[in-house]
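Reader: Hi! I am new to reading protein structures, and I would like a close look at one small part of this one. Could you walk me through it step by step?

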Amino acid sequence: MSTQWRQQQPGSARPLTASPARFDTAYFNNLVEEEGLLHSDQALFNGWSTDELVKAYSENARAFSADFAKSMVKMGNIKVLTGEGQILLNCKKVIN
């Protein structure tokens, strides 16, 4: 995909998958094929405990979609930081 993308879009960054406009399992397929875009992505399928999950998601779009939906609900229930810690109003500002 990367060669084809560069030919079509010279000077542009490569998309994460061949189907960037679709919500599918292409990301996981790329990892199984050892074609993850970033080293940190490919680490998810590199002989570690997450290999089984990556393989399952690459083969079963419904399982991925169901787990993704559950995860979004859980993330939506995370409470906003209050009390100790810092809430940044300007993410570009360096904290000393």
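Leaving aside its neighbours within four places in sequence, which residues is Ser19 in contact with?

Author: Happy to help! Please keep in mind that this is a predicted model, and that the residue numbers start from 1 along the chain. Once the neighbours within four places in sequence are set aside, Ser19 is in contact with Asp24 and Ala26. Let us start at Ser19 and work outwards from there.

Some background helps in finding the spot. The protein has five helices and zero strands, so to read the elements from the N terminus on is to read α-α-α-α-α. Ser19 sits in the loop between α1 and α2. Is Ser19 buried or exposed? Its relative accessibility is 8%, and because buried means under 20%, Ser19 counts as buried. For the protein as a whole, 18% of the 96 residues count as buried.

Now step across to one of the two contacts, Asp24. Asp24 also belongs to a loop, the one between α1 (2–8) and α2 (26–32). UniProt, in an unreviewed entry, lists Asp24 under "binding site". With 24% relative accessibility, Asp24 counts as partly exposed. If residues up to four places away in sequence are not counted, Asp24 touches Ser19 and Phe64. There is also a link between side chains here: a polar contact of 3.4 Å joins Asp24 and Arg22.

Phe64 is worth following, since it leads to the aromatic rings. A search of the whole structure finds seven aromatic pairs. One of them is formed by Phe23 and Phe64, and this pair is tilted, with 5.4 Å from centre to centre and 35 degrees between the planes. The pair links distant parts of the chain: Phe23 is in the loop between α1 and α2, while Phe64 is in helix α5 (residues 61–76), and the two are 41 residues apart. How do the two partners stand in terms of cover? Phe23 counts as exposed, at 55% relative accessibility, whereas Phe64 counts as buried, at 11%. Ring pairs also link Phe23 and Phe64 into a cluster with Tyr27, Phe28, Tyr57 and Phe68.

Phe64 has a place in the largest nonpolar core too. This core has six residues in all: Phe28, Leu31, Phe45, Val54, Tyr57 and Phe64. The elements that give two or more residues to the core are α2 and α4 (51–59). Tyr57 is one of the core residues, and, with residues up to four places away in sequence not counted, Tyr57 touches Thr25, Phe28, Ala63, Phe64 and Asp67. Phe28, Tyr57 and Phe64 therefore appear in the list of core residues, where every member has to be buried, and those names also come up in the ring cluster.

From the core, you can move on to helix α3, where Asp41 is found. Is Asp41 buried or exposed? Asp41 is buried, with a relative accessible area of 13%. Leaving aside the neighbours within four places in sequence, Asp41 is in contact with Tyr27 and Leu31. Leu31 is a member of the core, and Tyr27 is a member of the ring cluster. The side chains of Asp41 and Tyr27 are joined by a polar contact of 3.0 Å. As for Asp41 and Phe28, they are 13 residues apart in sequence, and their C-alpha atoms are 9.4 Å apart in space.

One more stop is Glu34, in the loop between α2 and α3 (39–42). Its phi is near 60 degrees, which is a positive value in a residue other than glycine. Glu34 is exposed, with a relative accessible area of 65%.

To finish, here is the wider view. Among contacts between residues at least 6 apart in sequence, 23% join residues at least 24 apart. The protein exposes about 8100 Å², and carbon and sulfur atoms supply 56% of it. If you want to retrace the path in the viewer, begin at Ser19, which is in contact with Asp24, go on from Asp24 to Phe64, which Asp24 touches, and then look at the core that includes Phe64.

Notes. Predicted model: local features only at pLDDT ≥ 70, side-chain atom pairs only at ≥ 80, totals over all residues. Heavy atoms only, no water. UniProt positions renumbered as here; feature names shortened; annotations may be inferred. Helix = DSSP H or I, 4+ residues; strand = E, 2+ residues; numbered from the N terminus. Buried < 20%, exposed > 50% of the residue type's maximum accessible area, 1.4 Å probe, protein only. Contact = heavy atoms within 4.5 Å. Polar contact = N/O pair within 3.5 Å; in protein donor to acceptor, adjacent residues only side chain to side chain. Core = buried A, V, L, I, M, F, W, Y, C linked by side-chain atoms within 4.5 Å. Phe/Tyr/Trp six-rings, centres within 6.5 Å; stacked < 30°, edge-to-face > 60°. Areas by Shrake-Rupley, 256 points an atom, 1.4 Å probe, with all protein chains shown as cover.
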